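Work through the exercises below with the sequence and the model at hand. Try each task before reading its solution.

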Amino acid sequence: MKVSLLGVEIDALGMEETVERVAGLINSGRPHRILTINPEFLYQAQFEERIMKLAQKADLITPDGIGIVWACRLAGFPVKERITGTDLMLRLVERASPEGWRVYLLGGAPGVAEEAAKKLQLQYPGLNLAGTHHGYFKDNEEELLVKKIKELKPHLLFVALGAPKQELWIDQHIQEIGTATAIGVGGSFDVVSGRVERAPRWVRRINLEWLYRLLKEPSRLRRQAILPLFAWLVIRKYGLRIS
Ligand code: UDP
């Protein structure tokens, strides 16, 4: 089922169904884009045509963040759970070994994607890792990088450049790369590599991961300042009914 929220069609699926849908996209062998959408992205899409286009072109959009889950409920369309980039990435990597999918990690500071890959290989020994590259390449290095990724024919391409940079990058290069299903995963490599600590499970369960991240990284306050504006947009459009 799709939920229409502020002009974007969000796939209201649980984690199991999401993984199945992505597996279908990967196994088709054609390029696909997965977007895990958070309130900041959806808010920006209201004012920037190129960001809205990214959402419209996505093959699957997951509700990333409690703000999106809340907004969908208010709009009268309950979604089952939030599906974050990190959680989806881990579930797909787990599935990658038995399926034989080649996985490429692009993004993060130099060394982080390699560290994340090592951790994933330890956890999933059969993992077929196509390659890794950091996310601080120069414009004139991009063409060669894309060519290299294309030659490695990954089935799954995780791009961790932060939103919306990663979605813009995927949009620009996914057709040329050809076979891959690409997903923007933000700071996930930092978490998987162990450089950044994720909120404890109980904090995530009570939907306060955003507050935990804010306390750990106060510089996120500027980004999170958008949240009340996003809430206001949602309430103005859908009212305050509870489904
Ligand atoms: N990053 C990158 N290249 C850039 C800018 C950022 O590889 O030019 C990486 C950065 O090192 C970090 C991730 O992108 O690992 C962004 O993490 P953040 O938690 O801000 O992601 P978001 O919350 O936007 O999804």
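The exercises cover a strand, the ligand site, unusual backbone angles and salt bridges.

This is a predicted model, in which local features need pLDDT of at least 70, side-chain atom pairs count only at pLDDT 80 or more, and totals for chains, interfaces and linings use all residues. Residues are numbered from 1 along each chain as its sequence is written, and side-chain values use heavy atoms, with hydrogens and water left out.

**Exercise 1. Strand β4**

Task: Find how strand β4 is covered and how β3 joins it.

Solution:
- Locate β4 at residues 60–63. Helices (H or I, at least four residues) and strands (E, at least two) are DSSP runs, numbered from the N terminus.
- Check one side: L60 and T62 are buried. Buried means under 20% relative accessible area, exposed over 50%, and partly exposed in between (1.4 Å probe, protein chains only).
- Check the other side: I61 and P63 are buried too, which leaves both faces covered.
- Turn to β3, residues 32–37. It runs parallel to β4, and four bridges join the two. Strands pair if DSSP finds at least two bridges between them.
- Pick out one bridge: L35 has I61 of β4 as its partner.

**Exercise 2. The ligand site**

Task: Describe the shell around the ligand and its polar contacts.

Solution:
- Count the shell: 16 residues surround the ligand. Each has a heavy atom within 4 Å of it.
- Name the closest: G108, G135, K165, D190 and R220.
- Sort the shell by type: five nonpolar, six polar and five charged. Here Ala, Val, Leu, Ile, Met, Phe, Trp, Tyr, Cys and Pro count as nonpolar, Asp, Glu, Lys and Arg as charged, and the others, Gly among them, as polar.
- Look at the backbone: an N or O atom of A160 lies 3.2 Å from a ligand oxygen. A backbone N or O atom of A163 is also 3.2 Å from an oxygen of the ligand.
- Look at a side chain: an N or O atom of R223 is 3.0 Å from a ligand oxygen.
- Finish with area: the ligand alone exposes 550 Å², and the protein buries 79% of that. These areas come from the Shrake-Rupley method with a 1.4 Å probe.

**Exercise 3. Backbone angles**

Task: Where is the cis peptide bond at P164, and where do L6 and N207, with their positive phi, lie?

Solution:
- Recall the background: most residues other than glycine have a negative phi, and most peptide bonds are trans.
- The bond from A163 to P164 is cis, with omega near 0 degrees. P164 sits in the loop between β7 (156–160) and α8 (165–177).
- L6 has phi near 45 degrees. Its loop joins β1 (2–5) and β2 (8–11). L6 is buried, at 6% relative accessible area.
- N207 has phi near 65 degrees. It lies between α10 (201–205) and α11 (209–216). N207 is partly exposed, at 30%.

**Exercise 4. Salt bridges**

Task: What are the partners of K2, E99 and R220?

Solution:
- The structure holds 18 salt bridges. Each is a side-chain nitrogen of Lys or Arg within 4 Å of a carboxyl oxygen of Asp or Glu.
- K2 pairs with D11 at 3.0 Å. K2 is partly exposed at 44%, whereas D11 is buried at 4%.
- E99 pairs with R95 at 2.9 Å. They are four residues apart in helix α5 (residues 85–99), so about one helical turn separates them.
- R220 pairs with E217 at 3.6 Å. R220 is buried at 12%, and E217 is partly exposed at 32%.
- Shared partners also link R82, D87, R198 and E209 into one salt-bridge network.

Definitions and conventions. A polar contact is a pair of N or O atoms within 3.5 Å; within protein, one must be able to donate a hydrogen and the other to accept it, and residues adjacent in sequence count only if both atoms are side-chain atoms.
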